[in-house]
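User: I would like to learn how to read the strands and helices of a model such as this one. Could you take me through it step by step?

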Amino acid sequence: MKKLMDIKGFWNMSDNWELNDQDMWEGNILLEDDGWFEGIVTEPYSSYQKDQFVFGIYYPTKIIELFKIVPTHIGKLLVFRGIRDAKGYDGYFKPILFGTAPYGRTHIITQYRENIETEIQNVEDKIEKYKNNLMDEADKKFYENIISTKINMKETILRKYQKRKL
């Protein structure tokens, strides 16, 4: 059964924890029982305020690995990785390029929402609209590759968490 959640991610392009309310994205995700999620976020203080697609693996008591897709002409594919602490998930973010160093720090917070079916359906509709109408071919291929390796990816993420190396 899918669970509706609010999500908010803060970032800092330097290697410190000075986060602010301007450098952030927020939206909703739908979390599956197996830890897979998909959702839509926006950046309310950015020059690009349209929907952005997020997906990944989320174990609420442990870790989150979130991929964020924006149209290619707007920005790069990013991955946000965080380990659970008392107030959310602290970690780093970087572009999806092998060997690329992290851009900076991130802090992600989530909150469960009442599972109101109309809200879940609204988020599902936004996700499908993004996948069908806004995602370019390169992003579709990346997403499909991640889906095809989802089981292995979940195991790898849990191993990383157990070693606490992010």
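Analyst: This is a predicted model, and a good place to begin is strand 7 (residues 88-95), which is mostly covered, with seven of its eight residues buried.

User: How should I read burial in a strand, and which strands does strand 7 pair with?

Analyst: In general, side chains of a regular strand alternate between the two faces of the sheet. In this case seven of the eight residues of strand 7 are buried, where buried means under 20% relative accessible area. On one side, strand 7 is joined by eight bridges to strand 6 (residues 78-85), the two running antiparallel, and Val79 stands opposite Lys94 of strand 7. Two residues lie between strand 6 and strand 7, which together form a hairpin. Strand 7 is also joined to strand 8 (residues 104-112) by five bridges, again antiparallel, with Phe93 opposite Gly104 of strand 8.

User: What is the arrangement of the strands as a whole?

Analyst: The idea is to follow the pairing from strand to strand and see where the path leads. Here the eight strands form a closed barrel in the order 1-2-3-4-5-6-7-8, with antiparallel pairing, and the twist from one strand to the next averages 30°. One step along that path is the antiparallel pairing of strand 5 with strand 6 over six bridges, in which Lys68 stands opposite Leu78 of strand 6.

User: Where do helix 1 and helix 3 lie, and at what angles do they run to the strands?

Analyst: One reads this from the strands that a helix crosses and from the angle between the axes. Helix 1 lies across strand 1, strand 2, strand 3, strand 4 and strand 5, and runs at about 80° to strand 3. Helix 3 (residues 150-163) lies across strand 3, strand 4, strand 5 and strand 6, at about 60° to strand 4.

User: Which residues of helix 1 are buried, and which are exposed?

Analyst: Helix 1 (residues 117-134) has 18 residues and spans 25 Å from its first C-alpha to its last, close to the expected 26 Å. Its buried residues are Ile120, Val123, Ile127, Tyr130 and Lys131. Viewed down the axis of helix 1, these buried residues fall within an arc of 95°, so they line one face of the helix. Glu117, Thr118, Lys129, Asn132 and Asn133, on the other side of helix 1, are exposed.

User: What do the buried residues of helix 1 pack against?

Analyst: Their partners include strand 1 (3-12), strand 2 (24-31), strand 3 (36-42), strand 4 (52-59) and strand 5 (63-69), and also helix 2 (137-148).

Note on methods: Residues are numbered from 1 along each chain as its sequence is written. This is a predicted model: local features need pLDDT of at least 70, side-chain atom pairs count only at pLDDT 80 or more; totals for chains, interfaces and linings use all residues. Side-chain values use heavy atoms; hydrogens and water are left out. Helices (H or I, at least four residues) and strands (E, at least two) are DSSP runs, numbered from the N terminus. The expected span of a helix is 1.5 Å times one less than its number of residues. Buried means under 20% relative accessible area, exposed over 50%, partly exposed in between (1.4 Å probe, protein chains only). The arc is that of the directions from the helix axis to the C-beta atoms. Contact means heavy atoms within 4.5 Å. Two strands pair if DSSP finds at least two bridges between them. Axes are lines fitted to C-alpha atoms, for helices over the stretch in contact, and angles run from 0 to 180 degrees between N-to-C directions.
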